[in-house]
Amino acid sequence: FVGLAAHGELHRARPAPRRLGVVGLGVGAAAGHLAPSDEARFFEIDPAVVELARAHFTYLSAAEGEVSVQVGDARLSLEREEARYDLLFIDAFSGDAIPTHLLTAEAIALYVSRLEYDGLLLLHVSNRYYDLRPALRGTLALLDLPAMHVARTRDLATDQDPSQYVVVARYPERLAPFGSRGWAPMSSLPAASAWTDDHANVLEALDM
């Protein structure tokens, strides 16, 4: 899918092995993109989702790389561990109840602190009810972090929804390959107030 263009770029730019962190397990589909020497750690708050992914899908069991699953709140788990990731993928915003604590300035700063120096933070921010990109633009500006975004809205299959992704790095040169593939700077989006642990205006993000 579109967001794993970041994973493809990672494969080209960094020799194996690569370490991938994923917040939001779903059915474990991201594990299907691993190379044999890669390692992926999934963070999932709902044990029932983990049971479903293991019992009814084969992405985790058939992954070519090494896979582990951490059950619990992803932000708390990342705060406790000291692992560094080449790619950290945040995929927890598709539902109608937004986990705002995973999208605040403090959360973004934590994610970046868990990246290797040339690592990438990829956020899947698609949602049927909210446009999270303007708030995310404000939050990234507050942190002075370079970022780009892409939206897939055309040529969709009948069972596909539009998708929106944002990729973040420590320095702008790391994002140059994405510009050549149609990703745009965050400055091309409308701006909204930054989200912090003290204030997050979810109503402002309603896509009406």
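Reader: What makes strand β6 and β7 count as a pair of strands?

Author: In this predicted model, β6 (residues 147–152) and β7 are joined in the antiparallel sense over 6 bridges. Two strands count as paired if at least two bridges are found between them, so the 6 bridges of β6 and β7 satisfy that requirement. One position where the two strands face each other is M148, which stands opposite V167 in β7.

Reader: Which other strand is joined to β7 by bridges, and how many are there?

Author: Strand β5 (residues 115–124) is joined to β7 by 4 bridges, and these two strands run antiparallel. Along this pairing, L123 stands opposite V166 in β7, and H124 stands opposite Y165 in β7.

Reader: Why is β7 called largely enclosed?

Author: A residue is called buried when its relative accessible area is under 20%, and 6 of the 6 residues of β7 (residues 163–168) are buried, so the strand is largely enclosed by the rest of the structure. Both faces of the strand are covered, with S163, Y165 and V167 buried on one side and Q164, V166 and V168 buried on the other.

Reader: How do you know that β5 is largely enclosed as well?

Author: The reasoning takes the same form, because 7 of the 10 residues of β5 are buried and the strand is therefore described as largely enclosed by the rest of the structure. Strand β5 also pairs with β4, in the parallel sense and over 5 bridges, and in that pairing the bridge partner of L87 is L120 in β5. Helix α4 (residues 105–113) lies across β4 (85–90) and β5, running at about 135° to β5.

Reader: What is the order of the strands in the sheet, and why are β3 and β8 said to stand at the edges?

Author: The 8 strands form an open sheet with mixed pairing, in the order β3-β2-β1-β4-β5-β7-β6-β8. Strands β3 (66–71) and β8 (184–185) each have a single partner strand, so one side of each is left without a neighbour in the sheet, and that places them at the edges. Helix α2 lies across β2 (39–44) and β3, running at about 150° to β3.

Reader: Why is L52 called partly exposed rather than buried or exposed?

Author: The label partly exposed covers values between the buried range, under 20%, and the exposed range, over 50%; L52 has 41% relative accessibility, and therefore counts as partly exposed. L52 lies in helix α2 (residues 47–56), and together with F57 and Y59 it forms a nonpolar patch on the surface, with about 250 Å² of accessible area in total.

Reader: What makes the contact between the side chains of R75 and D197 a salt bridge?

Author: The requirement is that a side-chain nitrogen of Lys or Arg lies within 4 Å of a carboxyl oxygen of Asp or Glu, and the side chains of R75 and D197 meet at 2.7 Å, N to O. R75 lies in helix α3 and D197 in the segment after β8, so the pair ties together parts that are 122 residues apart in sequence. R75, E79 and D197 are linked in a network of salt bridges.

Reader: Are R75 and D197 buried or exposed, and how do you know?

Author: R75 has 11% relative accessibility and therefore counts as buried, since the cut-off is under 20%. D197, with a relative accessible area of 42%, is partly exposed.

Reader: How do you know that R18 and D38 form a salt bridge, and what parts of the chain does the pair link?

Author: The closest N and O atoms of R18 and D38 are 3.2 Å apart, which is within the limit of 4 Å. The pair links distant parts of the chain, since R18 is in the loop between α1 (5–13) and β1 (19–23) and D38 is in the loop between β1 and β2, 20 residues apart. R18 counts as buried because its relative accessibility is 8%, and D38 counts as buried because its relative accessibility is 2%.

Reader: What makes D131 and R133 a salt bridge?

Author: The closest N and O atoms of D131 and R133 are 3.1 Å apart, again within 4 Å, and both residues are buried. R133 is one of the buried residues of helix α5 (residues 133–143), and the buried residues of α5 pack against α4, β5, β6 and β7.

Key:
Residues are numbered from 1 along each chain as its sequence is written. This is a predicted model: local features need pLDDT of at least 70, side-chain atom pairs count only at pLDDT 80 or more; totals for chains, interfaces and linings use all residues. Side-chain values use heavy atoms; hydrogens and water are left out. Patches are made of residues with over 30% relative accessible area and no salt bridge: like charges are joined within 9 Å, nonpolar side chains (Val, Leu, Ile, Met, Phe, Trp, Tyr) within 5 Å. Accessible areas come from the Shrake-Rupley method with a 1.4 Å probe; for residues, only the protein chains shown count as cover. Buried means under 20% relative accessible area, exposed over 50%, partly exposed in between (1.4 Å probe, protein chains only). Contact means heavy atoms within 4.5 Å. Axes are lines fitted to C-alpha atoms, for helices over the stretch in contact, and angles run from 0 to 180 degrees between N-to-C directions.
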